[in-house]
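Work through the exercises below with the sequence and the model side by side. Try each task before you read its solution.

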Amino acid sequence: MLARFLKKAMGQFEEPYSEMSQNFKEILIKVTLPDVERRYLTLKMAGRTVEILAEHKASGKHVKTYYRSIDLPSTADMMKASAKYVGETLYIKVPQFFTRE
């Protein structure tokens, strides 16, 4: 839904390179956002979805928009998720919980 709005409002956008791995304890997501300053990065976590919107600007002018939506498994504990932006890489850590049957 947000993706359609972005295409209409801002023109095309690119999907940034991302990697996702998981083990029994957590889900790790790594997203590379070349030349994006932290202030132009928006991270939204709703339900079981992580949405990333970022803009690359040069001299205050829009150069490129990045957008990525990632659906997570039902075991993701979104209330305990954390994120940090280091250099040009966004790291997202989402703990998992499991129920015994």
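Two strands pair if DSSP finds at least two bridges between them. Keep in mind that the model is predicted.

**Exercise 1. Follow the pairing of β2.**
Task: Find which residue of β2 is the bridge partner of Q22, then find how many bridges join β1 to β2.

Solution.
- Step 1. Start at Q22. Its bridge partner in β2 is I27.
- Step 2. Count the bridges. Five of them join β1 to β2, and the two strands run antiparallel.
- Step 3. Look at the connection. A hairpin of three residues leads from β1 to β2.
- Step 4. Turn to β7. β2 pairs with β7 over seven bridges, in the antiparallel sense.
- Step 5. Pick one position there. V31 stands opposite L90 in β7.

**Exercise 2. Take stock of the whole chain.**
Task: State how many helices and strands the protein chain has, and in what order they run.

Solution.
- Step 1. Count the elements. The protein chain has one helix and seven strands.
- Step 2. Read from the N terminus. The order is α-β-β-β-β-β-β-β.
- Step 3. Check burial. The chain has 101 residues, and 29% of them count as buried.
- Step 4. Consider the surface. About 7,000 Å² is exposed, and carbon and sulfur atoms supply 51% of it.
- Step 5. Consider the contacts with a separation of 6 or more. Residues 24 or more positions apart account for 45% of them.

**Exercise 3. Lay out the open sheet.**
Task: Give the strand order of the open sheet of three strands, and say which strands are its edges.

Solution.
- Step 1. Write the order. It is β3-β4-β5, with antiparallel pairing.
- Step 2. Find the edges. They are β3 (41–46) and β5 (61–71), and each pairs on one side only.
- Step 3. Compare directions. Neighbouring strands of this sheet are turned by 10° against each other on average, direction ignored.
- Step 4. Count along β4, residues 49–58. Ten bridges join β4 to β5.
- Step 5. Choose one position. T49 stands opposite D71 in β5.
- Background: strands of a sheet pair through backbone hydrogen bonds, either parallel or antiparallel.

**Exercise 4. Find the core.**
Task: Name the residues with the most contacts inside the largest nonpolar core, and the elements that give two or more residues to this core.

Solution.
- Step 1. Take the core itself. It has 18 residues, and those with the most contacts inside it are L33, I52, L72 and L90.
- Step 2. Assign elements. β2 (26–32), β4, β5 and β7 (89–95) each give two or more residues to this core.
- Step 3. Zoom in on I52. Leaving aside neighbours within four places in sequence, I52 is in contact with several residues, among them V31, L33, L43, Y66, I70 and L90.
- Background: in soluble globular proteins, nonpolar side chains tend to be buried together.

**Exercise 5. Classify the aromatic pair.**
Task: The structure holds one aromatic pair. Decide how the rings of F13 and Y67 are arranged.

Solution.
- Step 1. Take the distance. The ring centres of F13 and Y67 are 5.3 Å apart.
- Step 2. Take the angle. The planes are at 75°, so the pair is edge-to-face. The cut-off for that class is over 60 degrees.
- Step 3. Place the residues. F13 is in the loop between α1 (2–10) and β1 (18–22), while Y67 is in strand β5, 54 residues apart.
- Step 4. Compare exposure. F13 is partly exposed, at 21% relative accessible area. Y67 counts as buried, at 7%.

**Exercise 6. Check three loop residues.**
Task: Say where D35, S59 and P73 lie, and whether each is buried, partly exposed or exposed.

Solution.
- Step 1. D35 is in the loop between β2 and β3. Its relative accessible area is 47%, so D35 is partly exposed. Its phi is positive, near 60°.
- Step 2. S59 is in the loop between β4 and β5. At 78% relative accessibility, S59 is exposed. Its phi is also positive, near 55°.
- Background: most residues other than glycine have a negative phi.
- Step 3. P73 is in the loop between β5 and β6 (82–86). At 27% relative accessibility, P73 is partly exposed.
- Step 4. List what P73 touches. Not counting residues up to four places away in sequence, these are Q22, I27, R48 and Q96.

How values were computed. Residues numbered from 1 in each chain as written. Predicted model: local features only at pLDDT ≥ 70, side-chain atom pairs only at ≥ 80, totals over all residues. Heavy atoms only, no water. Helix = DSSP H or I, 4+ residues; strand = E, 2+ residues; numbered from the N terminus. Buried < 20%, exposed > 50% of the residue type's maximum accessible area, 1.4 Å probe, protein only. Contact = heavy atoms within 4.5 Å. Areas by Shrake-Rupley, 256 points an atom, 1.4 Å probe, with all protein chains shown as cover. Axes fitted to C-alpha atoms, helices over the stretch in contact; angles between N-to-C directions. Core = buried A, V, L, I, M, F, W, Y, C linked by side-chain atoms within 4.5 Å. Phe/Tyr/Trp six-rings, centres within 6.5 Å; stacked < 30°, edge-to-face > 60°.
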